[in-house]
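User: Hello! Could you walk me through the structure below, starting with the ligand and its surroundings?

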Amino acid sequence: MGIAADIRNDWNAALAALAWQVDLGVSEVVQDAPQNSFDLPDAAPWTRRMAEPAAAPAPAAPPRRGQAEPARPLSVGADPVRVATDLARACLTLESLRTAMQDFDLCELKKGARNTVFADGNPAARVLILGEAPGREEDQEGRPFVGRAGQLLDRMFAAIGLSRGSADRGTALYITNVMPWRPPGNRDPEPAEIAMMRPFVERHIALANPDVIVTVGNTPLEALTGQRGILAARGTWVEAFGKPLMPMTHPAYLLRNPAAKREAWADLLAIKAKLR
Ligand code: URA
């Protein structure tokens, strides 16, 4: 029996083949066409799905007279920024915003993501940290900044007495991203993707209502202020949505360039001073 036939018939052989690929360094499965993970049934063992031919979808029953038509999918031509703006404006709580973002289907990135990564920490915190987009660990866990860069972020803010686990708004952090879905291969989000998620970010900040915003890296700074070039911008207070904003370099950059941690420390001290 060939390897392919083994894999098709034997769960253990399939697992061993997968482990072998992970050992080789494979971290992504890229298909020819994006697969919408949000459409997969919750409990569908892969073995059964591989063995059974896909059932033809049952034809939808026509609505009976007097019965409301089922909601139509958004038309192909819908302007994603307009739709996002209307949806975000209608959200009066963070929970309704989370639901609206989870239900927003006009961003292609959602199709390749496992989770909608909404936020973490204390929504009442005085400090809101805005990152770029989830990476692999964040996509798997459904929480922002849980990988190596996130651990550094936690250590940096702990050094000025702030943590996402704090119940006290004065010492708490609230953390979110411009993009709630992981871009494939951790590529930068595209301008059109950022533009359609920006209304949700704006609403997110309005609802959390922090005293201070901290952006980490280029993408969130540009999304909020239009300003490019984090290395020149970092360390100088600017304003976004009427709130003071401190641009900082991304912790992933600091992991690659430890010498830049000295400047990041100065930025942290400036944040601490602003909160006094
Ligand atoms: N980088 C980000 O910008 N956000 C995350 O959540 C993780 C890594």
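User: Which residues are around the ligand?

Analyst: Happy to help! This is a predicted model, where local features need pLDDT of at least 70, side-chain atom pairs count only at pLDDT 80 or more, and totals for chains, interfaces and linings use all residues. Residues are numbered from 1 along each chain as its sequence is written, and side-chain values use heavy atoms, with hydrogens and water left out. A residue counts as near the ligand if one of its heavy atoms lies within 4 Å of it. The residues around the ligand are Gly131, Glu132, Ala133, Pro134, Glu138, Pro144, Phe145, Asn177 and His250.

User: What is the distance from an oxygen atom of the ligand to the side chain of His250?

Analyst: Polar contacts here are pairs of N or O atoms within 3.5 Å; within protein, one must be able to donate a hydrogen and the other to accept it, and residues adjacent in sequence count only if both atoms are side-chain atoms. The backbone also takes part: a polar backbone atom of Ala133 is 3.1 Å from a ligand nitrogen. For His250, an N or O atom in the side chain lies from a ligand oxygen at 2.9 Å.

User: How much of the ligand does the protein bury?

Analyst: Accessible areas come from the Shrake-Rupley method with a 1.4 Å probe; for residues, only the protein chains shown count as cover. Taken alone, the ligand exposes 240 Å². Of that area, the protein buries 91%.

User: How many residues of the shell around the ligand are charged?

Analyst: Asp, Glu, Lys and Arg count as charged; Ala, Val, Leu, Ile, Met, Phe, Trp, Tyr, Cys and Pro as nonpolar; and the others, Gly among them, as polar. The shell has 4 nonpolar and 3 polar residues. The number of charged residues is 2.
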